[in-house]
Amino acid sequence: MWLKRSTPQNIVIGGIAGAIPPVIGWAVATGGVSAESVLMFTLIFMWTPPHFWSLALFMKSDYHEANVPMLTVTHGRRATRTHILVYTILLAPIALGLAATSIGGPLYLAVSLVLNALFLRGAWTIWRRDETQAEADGYRTEKKVFALSLLYLFGHFTAILAEAGLRAWGMGGW
């Protein structure tokens, strides 16, 4: 609660708490930390800012009224749009890198390629927009990218689960 109200980097720093469960689960299940668990952590950690900042673009007034120093409030929507694009560009190779691990495989790679292409296109579209365009259509694009970000994370972890199921039946993995 304190962190959320003390810095515009609240989403980045707070992302650690949201991203740590795969590392903990992996350590409990295997007795250690591995590249797979670190990549899952990093996937969630890097996904968190563009996810929440796309929400903050169309909810700026709520954060402002609640006195929460979200990036949109402290640095404006233009800076937030740039941050979304940068984080999404950095996120893509991390997500794709999971395909080359023991939990990835061809199905995961295909899903990740599609989801990253869509998310990158959304971030690029958001970055290109100005406030006049966004306000005129009620932040429709920003809302679509926020919804896509939910599908993005769900799709990646569903693909990991599907790869595990295929491997269990002797049909998955590399």
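# A walk from the core outwards

Let's start with Y152: its relative accessibility is 0%, so this tyrosine counts as buried. Keep in mind that what you are looking at is a predicted model.

What surrounds a residue like that? Y152 belongs to the largest nonpolar core, a group of 44 residues, and is among those with the most contacts inside it. The others on that list are L43, W53, L91, L98, Y108 and F119. If you want to find the core by eye, look at the helices that feed it: helix 1 (10–19), helix 2 (21–30), helix 3 (35–58), helix 6 (76–97), helix 7 (106–128) and helix 9 (140–168) each put in at least two residues. Helix 3 gives the largest share, with twelve residues. As a bit of background, nonpolar side chains in soluble globular proteins tend to be buried together.

Now pick out W53, another of the core residues with the most contacts. With a relative accessibility of 0%, W53 is buried, since anything under 20% counts as such. Who are its neighbours, once those within four places in sequence are set aside? W53 is in contact with I11, V12, M70, L71, T80, H83, I84 and Y87.

The last name there, Y87, deserves a second look. There are five aromatic pairs in the structure, and W53 and Y87 make up one of them. Their arrangement is edge-to-face, with the ring centres 5.4 Å apart and 80° between the planes. That angle is over 60 degrees, which is why the pair gets the edge-to-face label. The two partners come from distant parts of the chain: W53 sits in helix 3 and Y87 in helix 6, 34 residues apart. Y87 is buried too, at a relative accessible area of 15%.

A second aromatic pair brings us back to where we began, because Y152 is partnered with F119. Here the rings are 4.8 Å apart, centre to centre, and the angle between the planes is 40°, a tilted arrangement. F119 is in helix 7 and Y152 in helix 9, so this pair ties together parts of the chain 33 residues apart in sequence. F119 has a relative accessibility of 1%, so it counts as buried.

Stay in helix 9 for a moment and find H156. This histidine is buried, at 0% relative accessibility. What does H156 touch, not counting residues up to four places away in sequence? The list runs L43, A95, Y108, S112, L115 and N116. Two of those names, L43 and Y108, may ring a bell from the list of core residues with the most contacts.

Next come the charged side chains. The structure has six salt bridges. One of them joins E131 and R81, with 2.7 Å between N and O. This bridge also spans distant parts of the chain, from E131 in helix 8 (residues 131–136) to R81 in helix 6, 50 residues apart. Are the two partners buried or exposed? R81 is buried, with 1% relative accessibility, while E131 is partly exposed at 22%.

D137 and R129 form another salt bridge, their closest N and O atoms lying 2.8 Å apart. D137 counts as partly exposed, at 29% relative accessibility, whereas R129 is buried at 9%.

Helix 9 has a salt bridge within itself. E163 and R167 lie four residues apart there, about one turn of the helix, and their side chains meet at 3.6 Å, N to O. E163 is buried at 0% relative accessibility, but R167 is partly exposed, at 29%. Elsewhere, salt bridges with shared partners join R77, R81, R129, E131, D137 and E142 into one network.

Finally, let's head for the surface. I20, I24 and V28 form a nonpolar patch there, and together they have about 270 Å² of accessible area. I24, one of the three, is found in helix 2. For one last stop, go to L113 in helix 7. At 45% relative accessibility, L113 counts as partly exposed, because it falls between the 20% and 50% limits. Its C-alpha atom is 10.0 Å from that of A99, a residue 14 places away along the chain.

How values were computed:
Residues are numbered from 1 along each chain as its sequence is written. This is a predicted model: local features need pLDDT of at least 70, side-chain atom pairs count only at pLDDT 80 or more; totals for chains, interfaces and linings use all residues. Side-chain values use heavy atoms; hydrogens and water are left out. A nonpolar core is a set of buried Ala, Val, Leu, Ile, Met, Phe, Trp, Tyr and Cys residues joined through side-chain atoms within 4.5 Å. Buried means under 20% relative accessible area, exposed over 50%, partly exposed in between (1.4 Å probe, protein chains only). Contact means heavy atoms within 4.5 Å. Patches are made of residues with over 30% relative accessible area and no salt bridge: like charges are joined within 9 Å, nonpolar side chains (Val, Leu, Ile, Met, Phe, Trp, Tyr) within 5 Å. Accessible areas come from the Shrake-Rupley method with a 1.4 Å probe; for residues, only the protein chains shown count as cover. A salt bridge is a side-chain nitrogen of Lys or Arg within 4 Å of a carboxyl oxygen of Asp or Glu. Rings of Phe, Tyr and Trp (its six-membered ring) pair if their centres lie within 6.5 Å; planes under 30 degrees apart count as stacked, over 60 as edge-to-face and the rest as tilted.
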